[in-house]
Amino acid sequence: MKTKELGLTKQDIKEKVDKYMIETYERFDVLAETAKGMYIYDEEGTPYLDFYAGIAVNSVGNCNEKVVKAVQEQAAQIMQTFNYPYTVPQALLAEKICTSIGMDKIFFQNSGAEANEAMIKMARKYGVEKYGPKKYHIVTAKSSFHGRTFGAMSATGQPDNACQIGFGPMTDGFSYAEYNDLEAFKSACTEDTIAIMVEPVQGEGGVHPATKEFLQGLRKFCDEKNILLLLDEVQSGWGRTGALMTYMNYDIKPDIVSMAKAMGGGMPIGAICATQEVSKAFSAGSHGSTFGGHPVCCAASLAAVTEIIDRDLPGNAKEVGAYFIDKLGTLPHVKEARGQGLFVGVEFDGTVNAVEIKHKCVDKHLLLTAIGNDIIRMVPPLIATREDCDKAYAIIEEAVKELG
């Protein structure tokens with residue numbers, strides 16, 4: 001729908017949102033009306049260079065032609081049927097994902113938070129059934145972020161974060177340890193611990209990649225103690241960090257991994273993949289989802305995942321991301337530029353405010369996000385080129401200089 005065709009203005013849309021919507025978002029002053037590739041366009045056709053990609057979602061580019069075609073064709077055939085009948089897109093996607101990332105089984109959800117809920121539930125049920133009623137404790141990382149549903153929110157190691165404040169007691173059974181501190185995680189485990197759950201790259205926590213020693217050490221420790229290793233790859237998965245899944249960069253394999261965002265190519269879908277043994281914890285009636293495995297979303301996901309693999313977008317993310325991170329380190333007032341692939345964070349030294357930088361960049365037609373007052377985060381489509389990064393750098397540099 002376009003404003004001019006409906007006889008509306010940008011102000012009309014803003015007023016409707018203000019009047020009718022419960023707002024929990026800090027909005028950009030932008031009406032996103034169309035999008036293509038690396039750009040989002042407003043109602044006047046003004047291009048905005050997209051370096052947030054719907055928060056790591058539109059990894060094959062905005063309105064990727066193959067994803068759009070898959071959605072259109074599937075929507076004309078069957079849109080939704082629940083999971084009693086078999087559907088072609090679901091079966092083909094299950095095969096594609098499991099064989100591509102070396103996992104045995106998959107369960108489809110609608111979002112990252114739901115995927116993490118399913119991962120937590122599967123781990124707990126596996127522990128209770130295999131070892132006894134107290135074996136449900138899970139250790140997660142401080143400064144982690146796993147979602148906004150109650151289980152995922154409780155797994156999130158940020159007690160002072162707005163996502164937890166005011167919602168009453170968190171779900172029992174979680175402890176938190178310092179990220180990238182192997183000994184801290186070992187110490188946090190008890191005889192009732194069934195799993196350790198971490199992000200291979202902390203996103204909301206400030207774009208901090210795990211060290212190889214940390215993740216490989218967790219895998220070894222989990223194997224020794226019969227503890228499951230759960231990896232939250234909702235934001236880092238599907239090419240973002242230079243491999244199909246980030247755990248491949250570390251030469252390990254989880255017992256369960258969650259995913260969402262990029263796997264849908266712009267459509268809402270999430271999933272968990274698990275080993276054959278652990279997946280047995282879910283049986284008929286133990287878990288479900290009305291829209292999980294939605295035919296249209298699965299068709300879109302199959303197109304997106306195929307694009308990521310066939311075009312070697314992980315390879316592009318690795319090469320272009322390294323170039324971009326190095327260049328960002330030369331910005332004024334930068335404390336550190338860090339990340340993995342095209343999962344990029346820039347931390348400033350306190351001289352300039354990251355939120356103000358974000359809004360300055362939006363004014364200059366570059367879209368990115370901020371984490372607190374010191375860090376900007378960029379997760380552009382994986383089709384980004386060095387030239388796109390140069391354009392983004394120039395805008396950020398201009399904004400920083402104006403503010404500093």
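## A capped helix

In this predicted model, serine 111 caps the N-terminal end of helix α6. To see how, find the side chain of serine 111: one of its oxygens lies 3.2 Å from the backbone nitrogen of glutamate 114.

Now follow α6 along its length. The helix covers residues 112-131, which makes 20 residues. From its first C-alpha to its last, α6 reaches 28 Å, close to the 28 Å expected at 1.5 Å a residue. As you trace it, keep in mind that an α-helix has 3.6 residues a turn, so residues three or four places apart point the same way. Just after α6 comes glycine 132, which takes a positive phi of about 130 degrees.

## A sheet of seven strands

Next, look for the strands. Strands of a sheet pair through backbone hydrogen bonds, either parallel or antiparallel. One open sheet here has 7 strands, and its pairing is mixed. Going across it, you meet β4, β12, β11, β10, β7, β5 and β6, in that order. The edge strands β4 and β6 (174-177) each pair on one side only. From one strand to the next, the twist averages 20 degrees.

What joins β4 to β12? The answer is 5 bridges, and the two strands run antiparallel. You can pick out one residue pair here: phenylalanine 108 has alanine 271 in β12 as its bridge partner.

## A sheet of four strands

Another open sheet has 4 strands with antiparallel pairing, in the order β13-β14-β17-β16. Why is one side of β13 and of β16 left without a neighbour in the sheet? Both β13 (334-340) and β16 (369-371) stand at the edges with a single partner strand each, so one side of each stays free of a neighbour in the sheet. Neighbouring strands of this sheet are turned by 25 degrees against each other on average, direction ignored.

The partner of β13 is β14 (residues 343-348), and 6 bridges join these antiparallel strands. Along this pairing, alanine 337 stands opposite valine 346 in β14.

## The second largest pocket

Strand β4 turns up again when we turn to pockets. The second largest pocket has a volume of about 580 Å³. Its lining counts 21 residues, and those nearest the centre are Ile106, Phe107, Phe108, Phe282 and His287.

Which element gives the largest share of this lining? That is β4, with 4 residues. Elements that each supply at least two lining residues are α5 (88-101), β4 (105-109) and β12 (270-274). By class, the lining of this pocket divides into 10 nonpolar, 10 polar and 1 charged.

## An enclosed cavity

Empty space can also be shut inside a protein. Rolling a probe the size of a water molecule over the atoms shows where empty space is left. The structure holds 1 cavity of 30 Å³ or more, and the largest cavity has a volume of about 50 Å³.

Which residues line the largest cavity? They are Gln80, Thr81, Phe82, Asn83, Thr87 and Gln90, together with Thr290, Phe291, Gly292, Gly293, His294 and Pro295. This lining has 3 nonpolar residues, 9 polar residues and no charged residues.

How values were computed. Residues numbered from 1 in each chain as written. Predicted model: local features only at pLDDT ≥ 70, side-chain atom pairs only at ≥ 80, totals over all residues. Heavy atoms only, no water. 1 Å grid on protein atoms, 1.4 Å probe; cavity = no way out; pocket = protein on both sides within 12 Å on 5 of 7 lines; lining within 4 Å. Points joined across faces, edges and corners; volume = space filled by probe spheres on them. Nonpolar A, V, L, I, M, F, W, Y, C, P; charged D, E, K, R; others polar. Expected span 1.5 Å × (residues − 1). Polar contact = N/O pair within 3.5 Å; in protein donor to acceptor, adjacent residues only side chain to side chain. Pairing = 2+ DSSP bridges. Axes fitted to C-alpha atoms, helices over the stretch in contact; angles between N-to-C directions.
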